[in-house]
Amino acid sequence: GVKLLHEYPTSLKDTCIYTDARRLEQVLHHFLENACHHTYDGTITLRVKAYEDIDTKRPMLQMRVDDTGVGIPTDQRDLLFLPFRKMDGKSEGLGMGLALCRQIAKMLGGKAYLDQCYVGGSSFVLEIPFEEV
């Protein structure tokens, strides 16, 4: 009962990204896998957009995974990206996934975070520098 969707502007349709593809895939895979584990009906949407960072005026690429799952309890949100932290005892793994995602994003010159304003589930965001060639 869960639909996997994607949204991106047509202007990015034929865009190539020059970055560490393996690491980018690792972050997106983790975000999508978490959404699949915690969404029992509704949608999981991968959204992509380009924008200019307000502070640095630098072009950025934002990739976010929004879901209609159970969401993240408010008291757990600040702990999500810490090593060895798991939201529930049901999931397999050591609780390192999101901590690694944050480190990878930093190595790529960007950031990974939970959009705390998102309602109706969870929204994990990856933002990395993006330049048109």
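In the predicted model, buried residues account for 35% of the 133 residues in the protein. The accessible surface comes to about 8,600 Å², and carbon and sulfur atoms contribute 53% of that area. Of the contacts with a separation of 6 or more, 60% are made by residues 24 or more positions apart. The secondary structure consists of two helices and five strands, and these elements follow one another from the N terminus in the order β-α-β-β-α-β-β.

The five strands form an open sheet with the order β1-β2-β3-β5-β4, in which the pairing is mixed. Because β1 (2-7) and β4 (111-114) each have a single partner strand, they stand at the edges of the sheet, and one side of each is left without a neighbour there. Neighbouring strands are turned against each other by 15° on average, when direction is ignored. Strands of a sheet pair through backbone hydrogen bonds, in either the parallel or the antiparallel sense, and both senses are represented at the two edges described here: β1 pairs with strand β2 (residues 42-52) in the parallel sense over six bridges, whereas β4 and β5 pair in the antiparallel sense over four bridges.

At the β1 edge, L4 has I44 of β2 as its bridge partner. I44 is counted as buried because its relative accessible area is 2%, which falls under the 20% limit. When neighbours within four places in sequence are left aside, the contacts of I44 include V2, K3, L4 and L5, and L32, A35 and C36 are also among them. Further contacts of I44 are made with T39, V65, D66 and D67. The C-alpha atoms of I44 and S122 lie 9.5 Å apart in space, although the two residues are 78 positions apart in sequence.

At the opposite end of the strand order, K111 of β4 has E127 of β5 as its bridge partner. In a regular strand the side chains alternate between the two faces of the sheet. Such an alternation is found along β4, where A112 and L114 point to one face and are buried, while K111 and Y113 point to the other and are not buried.

Helix α2 (residues 97-107) packs on the sheet, where it touches β4 and β5 (123-129), and its direction makes an angle of about 140° with that of β4. The buried residues of this helix are L98, A99, C101, I104 and A105, and they pack against α1 as well as against β4 and β5. After α2 comes G109, for which phi is positive, near 85°.

On the side of α1 (residues 21-38), the helix that contains H30, contacts with residues of α2 can be described for this histidine. With neighbours within four places in sequence left aside, H30 is in contact with G97, L98 and C101. H30 is classed as buried because its relative accessible area is 18%, a value under the 20% limit.

The search for enclosed space gave a count of one cavity of 30 Å³ or more, and the volume of the largest cavity is about 40 Å³. The lining of this cavity is formed by I72, R77, L114, D115, Y118, G121, S122 and S123. Of these lining residues, L114 is one of the buried side chains of β4, and S122 is the residue whose C-alpha atom lies 9.5 Å from that of I44.

Key
Residues are numbered from 1 along each chain as its sequence is written. This is a predicted model: local features need pLDDT of at least 70, side-chain atom pairs count only at pLDDT 80 or more; totals for chains, interfaces and linings use all residues. Side-chain values use heavy atoms; hydrogens and water are left out. Two strands pair if DSSP finds at least two bridges between them. Axes are lines fitted to C-alpha atoms, for helices over the stretch in contact, and angles run from 0 to 180 degrees between N-to-C directions. Contact means heavy atoms within 4.5 Å. Buried means under 20% relative accessible area, exposed over 50%, partly exposed in between (1.4 Å probe, protein chains only). Accessible areas come from the Shrake-Rupley method with a 1.4 Å probe; for residues, only the protein chains shown count as cover. On a 1 Å grid over the protein atoms alone, a cavity is a set of points where a 1.4 Å probe fits but cannot get out, and a pocket is an open set with protein on both sides within 12 Å along at least five of seven lines; lining residues have an atom within 4 Å of a point. Grid points are joined across faces, edges and corners, and a volume is the space filled by probe spheres set on the points.
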